[in-house]
Amino acid sequence: MNLTTFQKVESLLQRLQNFLSASVIAKPKNPFLVCVVVAGFLCLSGALFAANWSVRSIGYLVILGFAVVLSVNLALEIPRSGSRVTFADAFVFAAFLVLGGEFAIILASFEALVGCLDLKRRGVYFSKLTIPFNVSSAGIATTGSFLLLVGLNRAGFDLTFSSPEKTLSTFALLAFTQFALLSVLASVFQAQKTGTRFFSVWKQVYLSTSVTQIAGATLTAIVYYLYQFADVVTSVIAVFVFAIIYINYRQMFRDINDSIHQVELAEQEKAEIANQQIQAAQEHAQELEVLLEKEEKISTDLRQSKVDLEHAAFHDNLTDLPNRAYLIERLDLLLRLGVKVSQNYYVLFLDLSRFKNINDSLGHTIGDEVLKVVALRLRRTLRDEDTAARLGGDEFAIVLNDIASLDDARDFANKVYKKLTQPFTIQGHTIFSDLHIGIAPFDSEQIKPEDVLRDADIAMQNAKENNIGVAVFDKDVRSEYLEHIRLEGDLRYACDRGEFSMHYQPLICLRTGDLMGFEALLRWQHPELGFISPARFIPICEDSGAIVPITNWILHQTTAKLAEWQKISSDYRKILVSVNISGKHLADQRLVSDVKEALDKSGLKPSSLKLEITETTAMENAERTIEVLQELKSLGVHISIDDFGTGYSSLSYLHRLPFDTLKIDRSFVINVVDRNKDTEILQTIIALTKNLKKEVIAEGIETTDQLKILIDLGCDYGQGYLFSRPLPVADMETELYKKKDWLPHKEEEGASEPDVSDSPYANLF
Ligand code: C2E
Ligand code: MG
Ligand code: MG
């Protein structure tokens with residue numbers, strides 16, 4: 001290459017630079033890359049331009065080019081570095097040796113291009129300018145080494161291929177320069193791209209590529225020596241040895257590369273597994289988050305439902321007023337504060353009258369609406385500090401707070417009464433609600449909240465009995481109530497403990513003076529309280545329902561006893577026993593079968609049994625009474641209407657009632673002597689009975705005067721202390737065996753006139 005060639009190259013470079021700076025790389029993204037590409041282009045252009053294109057040199061270049069293409073496939077991939085020893089460098093050096101530097105530049109660029117394309121074919125990715133960069137780098141490196149060689153030669157160094165030693169030095173210089181330039185350019189490019197330091201890139205990646213140049217130079221040198229000095233056999237042996245070395249190395253490198261590849265694969269797999277684990281952990285964390293959210297929602301819901309449950313536990317479903325449990329808690333608190341504090345509090349017990357009728361006649365839906373209206377009115381009437389509660393059914397209660405006196409409490413109760421009794425309309429029905437209110441103050445005898453409520457309830461019952469709106473609790477009523485409760489409990493066991501006994505009171509035929517039978521009267525000897533009057537305990541038995549089993553017991557006792565007594569004498573064969581039947585039992589379906597069972601068991605004739613039903617009971621549900629009495633009558637038993645005159649008999653029903661005897665109440669007999677009016681009543685009743693073709697019996701006859709009047713009025717039978725008090729079984733039995741004359745005697749009355757007539761009363765009147 002001479003000076004003109006350099007001048008040509010220089011001017012070409014100048015033009016290209018001008019062109020590029022004006023257009024392509026006006027705003028280069030990577031100036032270094034662009035500069036390298038431009039420089040490479042200039043080097044290649046210069047080489048092409050300066051090369052001596054004779055036929056021989058073209059022929060050599062084609063051979064070398066072909067060799068380069070082939071050698072690419074013989075490349076050894078250096079483990080880890082990623083670079084390849086292609087041996088194509090050997091042909092570049094060969095080009096230096098045979099054709100000169102220009103052709104070496106062309107071949108180096110060509111070799112780089114072939115190498116890149118081969119790698120691309122194998123799947124290696126190249127960015128846009130990487131292939132031009134590689135081609136340019138190869139061109140620059142070869143140009144650099146060539147120029148250095150030319151320069152050094154000009155400077156007086158003899159670096160030629162004239163002798164083996166010089167050839168070695170020349171190749172060494174070329175190889176070193178090429179390596180230095182190539183590795184520096186590539187390292188700068190790589191360092192820029194990856195952001196790492198130049199030197200570490202050079203050391204880690206490109207230092208090993210020196211092998212390429214060294215191997216290429218060495219190979220060329222060896223071939224050169226063989227060509228110059230060796231015979232054919234030596235050359236063949238040398239080629240053979242090289243081939244074996246090459247194949248061994250190639251295999252070794254492949255093995256190493258495979259192992260590295262496998263390690264990389266394993267690493268990749270590990271990384272993938274780690275990635276999957278991270279992903280799984282992230283998914284798990286997400287699931288946990290969702291779960292936590294759900295948990296949070298559930299616990300919020302639970303908290304809400306707890307609040308709802310607490311509300312439901314202490315409030316009435318229908319009216320949303322506090323319920324009994326709430327009221328009990330409140331009263332409990334007040335009681336614990338002591339009477340002194342609770343003196344300013346009053347409890348009102350409210351009971352709606354006729355609510356059952358509303359439910360029965362208008363239906364439960366309207367019934368519910370009525371309760372809601374009552375609750376609403378209560379809420380509106382109460383002050384903020386008061387508490388209203390629904391105790392259940394049609395019962396409500398109010399705790400009045402901070403009320404100065406009982407009178408104030410009563411005024412308030414009247415206000416509530418007035419408000420709640422105002423008529424209202426529901427679904428077109430006008431409702432006239434009525435109620436009774438009981439007021440109870442706190443006192444020291446109340447221990448439990450239920451005691452206070454009970455006292456208010458007692459007061460309410462009092463209001464109901466007296467048919468007034470508001471009543472105040474009375475302590476005496478409480479002791480009665482408490483006794484009532486006690487007796488009710490004791491009565492449950494009285495029969496089993498043998499505390500009951502029967503007394504019998506004779507029924508006398510007033511016409512003949514004969515014993516016609518007995519009224520069976522129950523007696524209760526309480527172990528602690530002593531004798532308790534039936535007038536006291538029978539109503540309790542009726543309330544509790546105990547009257548039914550007790551009456552069955554009486555029926556069995558009395559029918560068996562009478563069957564026994566009828567056998568004492570032929571005079572007693574027709575005597576009967578009269579058993580009192582309560583209204584509760586009359587309403588009970590089992591009455592007829594109970595009576596039949598007692599008769600069957602005792603063997604007593606049905607006609608020897610009389611059942612007494614009070615007038616009030618009989619008229620309570622007259623139609624039903626008629627039905628039951630008819631059934632009883634069909635058994636053959638007799639029926640007596642007891643305490644007649646105390647109830648309100650409808651004459652039409654009386655007419656239809658299937659009874660045998662009317663029993664005139666004692667209250668009409670007592671004053672019969674002094675008060676004409678009572679005599680008139682007696683007369684009317686007796687006449688009525690006769691009219692109805694029934695028999696009449698007067699009870700409570702205590703004096704002969706009463707007896708005389710009753711006989712005069714035509715009364716059939718009599719019962720009373722005048723004849724005998726009710727007697728216990730044993731005493732009655734003694735009298736029966738003695739065949740006692742039940743008629744009173746004048747001496748007993750204080751008179752002593754001789755008996756001169758046949759009349760059974762001859763000695764009496
Ligand atoms: P009652 O059925 O009208 O019975 C008559 C009551 O008058 C009896 O009172 C009797 O002892 C009383 N008595 C009879 N003669 C005289 C008299 O001359 N003067 C006075 N002052 N009283 C006389 P007792 O035995 O106290 O019974 C009261 C009520 O208790 C009975 O009235 C009856 O309604 C009820 N009773 C009594 N025993 C039974 C029973 O076994 N079952 C049912 N269900 N009620 C009964
Ligand atoms: Mg009676
Ligand atoms: Mg009676």
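These notebook entries follow a magnesium site, the ligand beside it and one strand in a predicted model.

**Ground rules.** I count residues from 1 along each chain as its sequence is written, with chains lettered from A and ligands numbered from 1 in the order in which they are written. Local features need pLDDT of at least 70, side-chain atom pairs count only at pLDDT 80 or more, totals for chains, interfaces and linings use all residues, and side-chain values use heavy atoms, without hydrogens and water.

**Entry: the magnesium ion (ligand 3).** I looked up its protein donors. They are Asp642 (OD), Asp643 (OD) and Glu699, listed twice through OE, at 2.0 to 2.6 Å. Donors here are N, O and S atoms within 2.8 Å of the metal (3.2 Å for Na, K and Ca); water is not among the atoms, so sites may look incomplete. Along the chain the donors follow the spacing D-D-x55-E. A second magnesium ion (ligand 2) is 4.0 Å away, and Asp642 coordinates both. Asp643 lies in strand E15 (residues 638-644) and Glu699 in strand E17 (residues 695-699), so the pair ties together parts that are 56 residues apart in sequence. Helices (H or I, at least four residues) and strands (E, at least two) are DSSP runs, numbered from the N terminus.

**Entry: buried or exposed?** I checked two donors. Glu699 is buried, with a relative accessible area of 11%. Asp643 is partly exposed, at 22%. Buried means under 20% relative accessible area, exposed over 50%, and partly exposed in between (1.4 Å probe, protein chains only).

**Entry: ligand 1.** I found 20 residues around ligand 1; Arg523, Asp642, Arg666, Glu702 and Tyr721 come nearest. To count, a residue needs a heavy atom within 4 Å. Strand E11 (515-526) gives the most to this shell, with four residues. Helix H18 (534-544) and E15 each supply at least two.

I then looked at polar contacts, pairs of N or O atoms within 3.5 Å. A polar side-chain atom of Arg666 lies 2.8 Å from a nitrogen atom of ligand 1. For Glu519, a side-chain N or O atom is 3.0 Å from a ligand oxygen. Asp643 has a polar side-chain atom 3.1 Å from an oxygen of ligand 1.

**Entry: strand E17.** I went back to the strand of Glu699. Four of the five residues of E17 are buried, so the strand is largely enclosed by the rest of the structure. Which strands does E17 join? Four bridges link it to E16 (residues 661-664), in parallel. Three more bridges join E17 to E18 (residues 717-719), also parallel. Ile697 stands opposite Lys663 and opposite Tyr717 in E18.

Key:
Polar contact = N/O pair within 3.5 Å; in protein donor to acceptor, adjacent residues only side chain to side chain. Pairing = 2+ DSSP bridges.
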